[in-house]
Amino acid sequence: MSATSPPSVALPDRARVVIVGGGVIGTSLAYHLAHESVQDIVLVERDRLTSGTTWHAAGLMTCFGTTSETLTGIRLYSRELFRRLEAETGLSTGFRPVGLVEAVGDDDRLEEYRRVAAYQRRLGLDVEEIGVREMAELFPLASMDGLVAGFHVPGDGRVNPVDLTMSLARGARMLGVRIIEGISVGDVVTRRDGALPRVTGVRTTAGDVECEVVVNCTGMWARQLGERHGVVIPNQAAEHYYLITDRLDGIDPDGPVFEDPGRYGYYREEGGGLLVGLFEPEAAAWRPEGIPDNFSFGTLPPDWERVGPALETAMSRVPVTFDVGVRTFFCGPESFTPDRLPAVGEAPELRGYFVAAGLNSVGVLSSGGLGRVLAHWIATGRPDVDISAIDVARFQPHQLRPDYRRDRVTEVLGTTYAAHTPGAELRSGRGMFVSPVLDEMVAAGAWLRDVSGWESADWYAGDGEVAELMPSWGRQPWFAHWEAEHRAVREAVGLTDMSFMGGLAVTGPDAGAVLSRLSAGSVDGEEGRITYTQWLGPDGGIEADLTVTKRSNEDFLVVVSDTARGHALAWLRRGLGDADVRVEDVTQRLGQLNVQGPRSRDLLALLADADLSDEAFPFRAARTITVAGVEVLCVRITYVGELGYELHVPGERAAEVWRALRARGTAYGLRPVGLRALGSLRLEKAYRDWGHDIDNTDTVGSAGLGFAVDLGHEFIGRDAVVAEQVSPRSDRLVQVLLTDPEPLMFGAEVMLRDGVAVGDVRSASYGWTLGGAVGLASVDTGLPGEPVTQEWLDAGTWEVDVAGVRVPATVSLRPLHDPTSSRVRG
């Protein structure tokens, strides 16, 4: 392919790791695995390096725009790697730190970017808000019409994707990695290993290779390769456009990258002309039925009729592009996942099968950091960053359907440059799963939102009413409904559909022993008890936060949040070994109705055939009883900080129970309650949520969950828990409450102690009982061995940066609502 291409390399019979795919992601992984001292690495590429989508990438290296610590870290690492890689390999990456200017033309986007800038600044990104005049000086070709502000990142810039890939490949070869082009991988060879199959090798067009780990880095082909072995990677290719103009007089080759998402465009110098890239608001899927195996260095025929208006809008930001010729008009494929986040990690269906795909048109700028993260994961067995949002285990089989992928990619690519205003939701691929009380929720005026494929009520407008919502960073008329639902749970009783929660039936002679070994809490005690617990990694990192109900000695029900279900199910299956245990996902068979609030017992007693008194049915009791003539598993537990019950109901009869509760509940002040109130109630009580407040980088100590641990039994991670008690971490999850009742928090706000940034808000809502915005935040003393204490919290003056405005706050280790849990046990 070039002077840098290696001589032919023979395919070995055996390797420790086989990487499939020779784009920028695969070569980065190879490079970083070698730097992790992993031996016997082979990368195979079906054609030539960069031949998939890497070769035609626009080469942006921009860090700005995310409130994910993991993704920000990946981008910052990538940028630094691209800067220094040439000194190691002798091959330039083409990185030029010309800067980024992000233009803003509306108030919603300005609010969003101010929040993003504050958050990323804390993580080390040099970013500042600038005015229109400064933008014009930095990028004089652009018209400033309609713009109100901008954000400047001087360290960002551009990179040459092909040069970068070749430099990474050379760095990998220098450390012993074998890179072989012109070889395709077909099947993965496996053997049974307990409850799951395990990778033992790969079959290629040049023969079989025995291996321990295979990594799918095949970009837009990742889904097709994964499906051969039941691995769910629902990325989908879509058309992506850019043009390059003829030479422009006066264009600065060292001018910054300029982005104007309001006009769908990004712009940078290219060969003396201007590259104009496009993320149109409505995209087009390319070949949902499957990408041809022989597609290589290919382009797609442009759809002028569809793309023309968006392209004209993008070009209008730089009017000179209308008056100069076009040297290149490019249309090529890029692949996107349903949530526009990467697919990374070990597949839940197959041990030793890792994935690094679905980069959503940010593969080049993510490649360095992503390669480092996955290499560390493979080499050590543990990721060292929060992977809850990017874990491949989050995907579900229905997302592989061609119609789902076609419709979702059409919409999701368009959100790349959309304003991410609270309340904005995707509309495609909705209603994959149906709550057994969906009709009842709709009749009650529910505003429905997507919850992992389920339609669920966010809030209720009232019986017979039609709910309406306008995305906004400010207060909306529907806040009154939200407040009423919140107060109903605190003062009377609320009824919430939670049927989307993951339900895993774990049965068999060894079920108790397996769950006991996985759980930090004591879950295998007396029958008829529910236990709130965590599953930990060997290093003490929290892998799951859930409840385990012991129905009998060989019958347990594990309940986990919808977003964590895939990850928890994978963790459970990997932990089974050869135990005599059966695991069944019963999520779609059961409805879950929650009856919560100080009058919940009085209401439920009218319909139940059981004594619900404190003596007969104490906190954490779990019994099969009859409610409204329907047999249900009734569990006395709460996620809102009040007396309450979970009713696990056969799906076909859940509507009967719902209607009976509503009919009898009027006299007790019952209201249907949506997820908006669930969030505000649980955050007032400081209840945690895995994937939002806590993740695999947290421990029970740093998360404030030590109370849920029982050191009296052996469990995975026990040694790490004991070690942390001796040497505690310097970070801690705390509750934060704004003392000004007006500002709103949405998460990712920066925490300041005595004016110094020491952490950030992980989840937030509005605390109607507490009288202000409330959230859970992670803060750090910054002193190893010096843990966060209430004394340290009280000794500081606390503020929260809300879109650039510092708001005074109260910070506490204990819940600000009912710190002794007397209401829960009442």
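This passage describes the overall fold, two sheets, one helix and two residues of a predicted model. Local features are restricted to pLDDT of at least 70 and side-chain atom pairs to pLDDT 80 or more, while totals for chains, interfaces and linings use all residues. Residues are numbered from 1 along each chain as its sequence is written, and side-chain values use heavy atoms, with hydrogens and water left out.

The protein contains 18 helices and 38 strands. Both kinds of element are DSSP runs numbered from the N terminus (helices, H or I, at least four residues; strands, E, at least two). The C-alpha trace spans about 80 × 60 × 55 Å along its principal axes. A compact globule of 826 residues would have a radius of gyration near 28 Å, and the 27 Å of the protein agrees with this. That radius is taken over C-alpha atoms, and the globule rule is 2.2 Å times the number of residues to the power 0.38.

Of the 826 residues, 60% count as buried. Buried means under 20% relative accessible area, exposed over 50%, and partly exposed in between (1.4 Å probe, protein chains only). The accessible surface comes to about 29900 Å², and carbon and sulfur atoms hold 48% of it. These areas come from the Shrake-Rupley method with a 1.4 Å probe; for residues, only the protein chains shown count as cover. Among contacts with a separation of 6 or more, 73% join residues 24 or more positions apart. A contact means heavy atoms within 4.5 Å.

Strands 9, 10 and 11 form an open sheet in the order 9-10-11, with antiparallel pairing. Two strands pair if DSSP finds at least two bridges between them. Strand 9 and strand 11 are the edge strands, each pairing on one side only. Neighbouring strands of this sheet are turned by 35 degrees against each other on average, direction ignored. Axes are lines fitted to C-alpha atoms, for helices over the stretch in contact, and angles run from 0 to 180 degrees between N-to-C directions.

Seven bridges join strand 9 (residues 185-193) to strand 10 (residues 196-204). Within this pair, Arg191 stands opposite Arg198, and Val189 has Gly201 as its bridge partner. The two strands form a hairpin with two residues between them. Gly194, in the turn, has a positive phi of about 70 degrees. On the other side, strand 10 is joined to strand 11 (residues 207-210) by four bridges. Here Val202 stands opposite Val209. Strand 10 and strand 11 also form a hairpin with two residues between them. In a regular strand the side chains alternate between the two faces of the sheet.

A second assembly is a closed barrel. Its six strands run 33-36-35-34-37-38, with antiparallel pairing. The twist averages 40 degrees from one strand to the next. Helix 16 (residues 675-684) packs on this sheet and touches strand 33 (731-738), strand 35 (756-767) and strand 36 (772-780). The direction of helix 16 makes about 130 degrees with that of strand 35. Elsewhere in the barrel, strand 34 (residues 750-753) and strand 37 (residues 798-802) pair over four bridges in the antiparallel sense. In this pair, Val750 stands opposite Asp801.

Helix 12 (residues 511-518) is largely enclosed by the rest of the structure, because six of its eight residues are buried. The buried residues are Ala511, Gly512, Val514, Leu515, Ser516 and Leu518. They pack against strand 23 (502-507), strand 24, strand 25 (542-552), strand 26 (555-560) and helix 13 (565-574).

Ile530 lies in strand 24 (residues 529-536). This residue is buried, with a relative accessible area of 1%. Leaving aside neighbours within four places in sequence, Ile530 contacts Thr547, Val548, Thr549, Arg620, Val635, Arg636 and Ile637. Its C-alpha atom is separated by 37 Å from that of Tyr404, which is 126 residues apart from Ile530 along the chain.

Ser143 lies in the loop between helix 4 (132-138) and strand 6 (149-153). Ser143 is also buried, with a relative accessible area of 16%. A polar atom of the Ser143 side chain lies 3.2 Å from the backbone nitrogen of Asp145. Not counting residues up to four places away in sequence, Ser143 touches Arg317 and Pro319.

Notes
Polar contact = N/O pair within 3.5 Å; in protein donor to acceptor, adjacent residues only side chain to side chain.
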